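Student: Could we go through the charged contacts and the overall make-up of this model together, one question at a time?

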Amino acid sequence: MSQDVMTDPGKRPVLQVQNLRTEFRLRSSTVVAVDDVSLTVHEGECLGLVGESGCGKSTTGLSIMRLLPRIGHITGGKVLLGERDLTTLSEAEMRKVRGNDVAMIFQDPMTSLNPTSTIGVQVAEPLRIHFGTHRKAAAKRALEMLDLVGVPNPRERMDDYPHQLSGGLRQRVMIAMALTAQPKLLIADEPTTALDVTIQAQILDLLDRLREELSMAVLLITHDMGVIAGRTDRVMVMYAAKAVESTSTAELFEDTRHPYAKALLESVPQLTASSSTLLPTIPGQPPDLTNLTGGCRFAPRCRHAKPDCGTAEPTLEELEAGHLVACFHPVGSEPEPAADAPELAAPAPEPVADEAADEPAAELPTVVQRVQAVLGITLEPRPAEPPPAGPPAAAEPVGAQAAADPMSAPVLVEIERLFKEYPVRRGLGLGFGPPAASVKAVSGISLTIRRGETFGLAGESGCGKTTLGRIVAGHEHPTAGTVRIDGKEILRLHGAELRRGRRQQQLMFQDPYASLNPRMRVGAIIREPLMVQGSGNRRQQWERVAELLGEIGLSRRAMDLYPHEFSGGQRQRIGLARALALNPGLIVADEPVSALDVSIQSQILNLMKRLQRDHGLTYMVVSHDLSVLRYLSDTIGVMYLGKLVEYGPADDVYDAPAHPYTHGLIQTIPVPDPKIERTKEKAAVRGELPSPVHPPSGCRFRTRCPLAQELCAQQEPPMQVFGPGHVAACHFPLQPPTTLEPPPGVQLAMTDPRGDA
Amino acid sequence: MIAQAAALPGEEISRPSSIWKQSLATFIENRLALAGAIVLVLLILFSFVGPLLYHTNQTATNLINENLAPSGSHLLGTTPEGRDELGRLMVGGQSTIEVGLGVGVLATLFGMVYGSVAGYLGGVVDAVMMRIVDALLSIPYLFFVVLLAALVQVNLLVLILVLSAVSWLSTARLVRGETLSLRTRDFVSASTGFGSRMRHVIARHITPNLLGVVVVNGTLKVADAILAFAAVAYLGLGPAPPATNWGELISAGINNLFDGYWWQLWPAGVLIVAIVIAVNVIGDGLSDVVEVRLQKR
């Protein structure tokens, strides 16, 4: 089957991939990582390739470049670049194609650049290799390229090494390198995933501009539906090595036909989503590609699945002009399954181990059902159970806890004039002598978090939000200021008292791989806090472990397994169970879902909500992802370069931000809706975060602010009130301030007791 | 209330299955390591059980029988002193294996404790501790041995201590580096986050994750110590006769090599090479065992 969407026949196809099949040969098995994938990219067009990790989208890109790892082999199909089939070229011929006709940029610009040579030399390199250009001429061209991709002061930057540049600048350099030889096709593999939203918008704008100017074809590989909506002309959705839907971008978002694409779109937290509903999720996990059972690969997770889905595998069919779908029962072709027919939806046992779905997986639902039976309650739909019947479990109110007005609850956390500075030392590094300078991570933050609420802390990387979170969790000592939790100053405690005091607040980590000791079994991991705190005897501790596993939706068998036998989402749950073991009042979650795929992310977010309701937890969620914060938070704080610039009820802050930075951040989040995305102003926040060692005077945001005036450089803006509980620090706010009382714990005049640096 | 869930009928809180069985299975899977282990066991049996079956006089010299070629009464001939060569190899094997294992264990244990404390505490303590290691590493070990031989009567215990005193340094460096990176890992933060003491963190989180490198490093130390012992003995600085070891036997064999007395050199050489290779491949197998990820379940 080599049919593909052909739009705009006037344009020449640059790349045609036909029935591509790529295999990874492992020691014991073979994984088909790309299975019968066909796509076409035309001149000046951007084709989006979207899917979750492991779906084969990056492998498709690498197959086109023939840059597969040693175990990867292209075993079928054609990759036509113009008239030439790249799969038949010799390695020497292929080298001439790479960087010349086709260029690729990767997610991590640091590891893709050579740390030992200057960026000027690296950008000039493709010219020197492919055209034998003289060194001076190549350097001149490199300078032009750096200027073209928007590197400020390119002449001076030419002599910099990669580590001297920020992430955004490095990605610009990568793009400059890729485009030096003016390729016909650019493959961008998650080009902005490692970057902040503000920088992401700038880089994507740059790619858009260059694509137009050079009429280049772009294959944009991403997991982000928002990026797809804003930047691509056509989209192909991949699932488990196969293409499942392929159509124009507008069509995909208006009339999604494949249940997977539909579910993927639904499970993205929306900026407009009210926090009182559960997110729709895709139950279970993608299939193990070494062990396919035949039939539609999405069927076990599909709520539209019928018996025939399990027997034959659907192929891509053209439903209407230019809209290809691989599904027997596309969305909208037949009535939605009735709500009372749950048996049609195959129960989705969650494989405990990626390699082998064994008994624990099969046992999962029964444990949950038994717990429910014993307790006489119904737990919220969650991934371990059979998927909820009918339309996704949306619009389900999240219990009484959220219904009670969090604004009137007593205060749990009080942060007062908190400072944290890291000394930058020179010399022998022995710790002697005064520091040469300091990184001002947190500069005088005061705020309160009420009991039972979720406080979301937003900001770009490097703004100090993680540092603040770690201080509140008791993992770091502030330079000055106090943190009171439940009236107690945790950081003033010492020795045994401090160790006991740590029960009250727990940290949930970003990286579920790094936060669990690989040499301990899951049971021991969850039991560890109980053991350390000496709570209960051995038997009680193991019982508590079993209970916690039930709460996070894992079988008790999980106790005997090691962390590496679980998927990322399951590991994050185990981390959550461990954080819950001591019944803490406060959980500080540092980017709790940013390492997870969208469908898994929504499972974790729902679980966090449910646990909050069941246990009256207070969350402090630190994230760069404003959609996630919008979904979770009651109150939002926005940090910029160590300062709190805006603080208030989530709805107020999102709907009517007072600070230009907050407005800019919200503007730049890619929304999975082409109509909104295309009408957006270009990159609302300019430039990059200044150095926290020497922050700008006055308002720290002034160097990137579209509204900045002279006053901003001279005076630090005071906090002003913009509504009940809503404050912001700006000289020229986006709405007039009111004379209301400030929320408790927030000082309007931010005076630094030690003088501002 | 949910505690009832734990008491549901028909479900025991399962105990972890035997970790030893699993480890053994993983080790056996590495065929080379298995062969190494068999060779090591055979060499130990040869050295310690051999003399019980093959009786020879290893104390008195017998100049009438010097330099005899292999024959029915002396399976591997005799030494320049007229002792039975095969019996000599057995006695020499005892001290060689004792020194190798002794130094390997001692140096690894000390280096591991020293390195993990330095790495965990960091800062000034770490700087001072590691400068001491640097200073000691700059002194060649043969200098130590020569100095000691001049001062005291070198016996096996002294030799083990001296070789360990040199050998632990690189282990300490390695462990310190690993600890530095482990200590900043999230699971260590998590553990201190719910109130663990340093002792607990080192025992439960740092040490188990060090095992892989330390075990492999330890087996290399055994091999190194055997070779160092051979070198020391070759220089004539080892324990005095009638004690012997494979290194000394090689030394003696080389003296008579041009007389064609091959049996005085080659068997000892083959044994040293065999034990060093065996120990190295065992280390390889052990590193598989401590690497949980490789364990099939």
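The exchange below takes up salt bridges and then one chain as a whole.

Tutor: Please keep in mind throughout that this is a predicted model.

Student: How many salt bridges are there over all chains?

Tutor: The criterion asks for a side-chain nitrogen of Lys or Arg within 4 Å of a carboxyl oxygen of Asp or Glu. Applied over all chains, this rule gives a count of 38 salt bridges.

Student: In the salt bridge between A:D160 and A:R157, which residue is buried?

Tutor: The two side chains meet at 2.9 Å, N to O. A:R157 has a relative accessible area of 24%, and therefore counts as partly exposed. With a relative accessible area of 14%, which lies under the 20% limit for a buried residue, the buried residue is A:D160.

Student: A:E313 also forms a salt bridge; how many residues apart are A:E313 and its partner A:R297?

Tutor: The closest N and O atoms of A:E313 and A:R297 are 2.9 Å apart. Both residues sit in the loop between α11 (259-266) and β11 (317-320) of chain A, and the pair links distant parts of the chain, its members being separated by 16 residues.

Student: Is A:R297 buried or exposed?

Tutor: Its partner A:E313 has a relative accessibility of 33% and counts as partly exposed. For A:R297 the relative accessibility is 12%, and because buried means under 20%, A:R297 counts as buried.

Student: Which helix of chain B holds both B:R131 and B:D134?

Tutor: These side chains meet in a salt bridge at 3.1 Å, N to O, and both residues are partly exposed, B:R131 at 48% relative accessibility and B:D134 at 27%. They are 3 residues apart, which means about one helical turn lies between them, and the helix that holds both is α5 (residues 123-137).

Student: How many helices does chain B have?

Tutor: From the N terminus on, the elements of chain B run α-α-α-α-α-α-α-α-α-α-α. Chain B has 0 strands, and its number of helices is 11.

Student: Among contacts in chain B between residues at least 6 apart in sequence, what percentage join residues at least 24 apart?

Tutor: A contact here requires heavy atoms within 4.5 Å. Counting in chain B those contacts whose residues are at least 6 apart in sequence, the part that joins residues at least 24 apart is 72%.

Student: What area does chain B expose, and what percentage of its residues count as buried?

Tutor: Carbon and sulfur atoms supply 70% of the exposed area of chain B, which is about 14,300 Å². Of the 297 residues of chain B, the percentage that count as buried is 48%.

Note on methods. Residues are numbered from 1 along each chain as its sequence is written. Chains are lettered from A and ligands numbered from 1 in the order in which they are written. This is a predicted model: local features need pLDDT of at least 70, side-chain atom pairs count only at pLDDT 80 or more; totals for chains, interfaces and linings use all residues. Side-chain values use heavy atoms; hydrogens and water are left out. Buried means under 20% relative accessible area, exposed over 50%, partly exposed in between (1.4 Å probe, protein chains only). Helices (H or I, at least four residues) and strands (E, at least two) are DSSP runs, numbered from the N terminus. Accessible areas come from the Shrake-Rupley method with a 1.4 Å probe; for residues, only the protein chains shown count as cover.
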